[in-house]
Amino acid sequence: MLDMLKQLCLIDGISGDEATVRNFIISQIKSFCEYKVDNLGNIICFKKGEKTPKRKIMLDAHTDEVGLIISSITESGYLKFKTVGGIDTAALLLRRVLINGKVNGVIGGKPFHLLDADSRKKLPKKDDLYIDIGAKNRQEAEQLVSLGDSAVIISDFEILGDCVKSKALDDRIGCLVLIKLLKEYNNYDFYVTFTVQEEVGLRGAKTAAFAVKPDFAIALDSTTAADIAETPKESSVCVQGKGVAVSFMDNATMYDKNLYNAALNSGILCQPKSAVAGGNNAGSIHLSGEGVRTIALSAPCRYIHTANSIVNIKDIESMYELTKYMLDNIANENIK
């Protein structure tokens with residue numbers, strides 16, 4: 001399982017540029033289901049099971065990750081950029097980046113010793129940062145990079161005790177779980193969507209849900225784990241090692257109470273997500289068609305949207321087991 005997760009995480013695929021991730025996923029699932037790729041780049045899969053449930057069920061994970069997009073090139077050969085998705089400035093400064101999978105660079109800004117006393121106390125503005133690729137001038141830079149090119153912050157995949165550390169754990173963990181289910185789960189028919197552009201507005205899930213027209217949906221994602229030093233317990237959102245986080249409400253969705261309660265009472269290691277914040281593809285899915293009964297299961301992730309996100313392996317296993325449990329119990333109508 002971790003070998004597959006490593007492969008998924010080390011593929012670069014920011015929002016709007018997910019083709020390499022998509023091709024890898026297709027290589028893994030093509031023998032286990034029917035699938036098609038829609039006009040936005042979503043993979044929409046159907047897995048035939050031993051029985052056909054009365055209620056159509058869709059499982060979703062997004063394929064994109066946060067990153068950067070080149071927006072201009074200065075006369076001196078530096079690259080200006082915009083962030084794709086929510087990235088804290090502190091996670092950018094002096095980080096190594098890779099553009100289009102082949103051009104290396106470093107994110108720079110005004111040197112510390114040239115800052116005035118007030119500026120030294122603050123993070124720089126994102127618009128004041130740039131990528132240095134070693135070009136002498138604009139013409140030299142343009143031989144290597146074009147406007148609209150994608151960049152990601154370089155990261156290694158490592159095992160840290162009971163945890164994994166990498167970029168793109170949001171949401172390649174969800175992709176991993178769905179690949180595993182497509183390969184291993186055969187009890188009932190179900191649909192899977194590997195969707196694009198979640199990090200820039202839950203876009204791919206909107207068209208995928210329109211195509212599938214599910215009655216029920218399970219959205220798999222990652223969420224902030226603030227269980228770190230000097231953070232009050234009541235502000236931790238969720239805690240690593242205590243299982244996947246189950247949402248009752250966020251900024252995009254009011255979740256189905258029967259599904260929420262069924263998850264927490266499943267006997268599988270899980271926990272309620274304590275903060276009403278953020279959002280995920282459920283925000284688009286549950287409003288599609290005539291409405292979709294939806295639940296979100298999220299892996300607790302420290303330092304989310306950085307190159308060094310950390311997730312507990314036990315929580316990944318919990319996501320898989322709870323997703324399988326919910327799929328089974330929605331399909332057999334144990335959950336009303």
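Biologist: Helices (H or I, at least four residues) and strands (E, at least two) are DSSP runs, numbered from the N terminus. How many of each are in the protein chain?

Modeller: The protein chain has eight helices and 17 strands. This is a predicted model, so local features need pLDDT of at least 70 and side-chain atom pairs count only at pLDDT 80 or more, while totals for chains, interfaces and linings use all residues. Residues are numbered from 1 along each chain as its sequence is written, and side-chain values use heavy atoms, with hydrogens and water left out.

Biologist: What is the radius of gyration of the protein chain?

Modeller: The radius of gyration is 21 Å. The globule rule gives 20 Å for 336 residues, so the chain is as compact as a globular protein of that length. The radius is taken over C-alpha atoms, and the rule is 2.2 Å times the number of residues to the power 0.38.

Biologist: And what does the C-alpha trace span along its principal axes?

Modeller: It spans about 65 × 45 × 35 Å.

Biologist: What percentage of the residues is buried?

Modeller: Buried residues make up 54% of the 336. Buried means under 20% relative accessible area, exposed means over 50%, and partly exposed is in between (1.4 Å probe, protein chains only).

Biologist: How much area does the chain expose?

Modeller: The chain exposes about 15100 Å². Carbon and sulfur atoms supply 50% of that. The areas come from the Shrake-Rupley method with a 1.4 Å probe; for residues, only the protein chains shown count as cover.

Biologist: Let's zoom in. Where is E18?

Modeller: E18 is in the loop between α1 (2-10) and α2 (19-29).

Biologist: Is E18 buried or exposed?

Modeller: E18 is buried, yet it has no salt bridge. A salt bridge is a side-chain nitrogen of Lys or Arg within 4 Å of a carboxyl oxygen of Asp or Glu. The nearest side chain of opposite charge is R22, 4.8 Å away. For charge, Lys and Arg count as positive and Asp and Glu as negative; His and the chain ends are not counted.

Biologist: Which backbone nitrogen does the side chain of E18 reach?

Modeller: It reaches that of G16, at 2.9 Å. That is a polar contact: a pair of N or O atoms within 3.5 Å; within protein, one must be able to donate a hydrogen and the other to accept it, and residues adjacent in sequence count only if both atoms are side-chain atoms.

Biologist: What else is E18 in contact with?

Modeller: Contact means heavy atoms within 4.5 Å. Leaving aside neighbours within four places in sequence, E18 is in contact with G13, T63, D64, V196 and Q197.

Biologist: Next, α2. Which of its residues are buried?

Modeller: They are V21, R22, F24, I25, I26, Q28 and I29. Their cover includes α1, β1 (34-37), β2 (43-47), α4 (169-184) and β12 (190-195).

Biologist: Back to charges. How many salt bridges does a search of the whole structure find?

Modeller: Eleven salt bridges turn up. One of them joins R138 and E75 at 2.8 Å, N to O. The pair links distant parts of the chain: R138 is in helix α3 (residues 138-142), and E75 is in the loop between β4 (67-73) and β5 (79-84), 63 residues apart.

Biologist: How accessible is R138? And E75?

Modeller: R138 is partly exposed at 23%. E75 is exposed, at 54%.

Biologist: Which residue meets K82 in a salt bridge?

Modeller: D127 does, at 3.3 Å, N to O. K82 is in strand β5, and D127 is in the loop between β7 (103-108) and β8 (130-132), 45 residues apart. K82 is partly exposed, with 43% relative accessible area.

Biologist: What about a network of salt bridges?

Modeller: D12, E65, K167 and R172 are linked in one.

Biologist: Changing topic. Where does T323 lie?

Modeller: T323 lies in helix α8 (residues 313-331). T323 is buried, with a relative accessible area of 0%. Not counting residues within four places in sequence, its contacts are L59, V177, L181, I218, L220 and L297.

Biologist: Last one. Which strand holds C270?

Modeller: C270 is in strand β15. C270 counts as buried, at 16% relative accessibility. Its C-alpha is 9.9 Å from that of C238, and the two are 32 residues apart in sequence.
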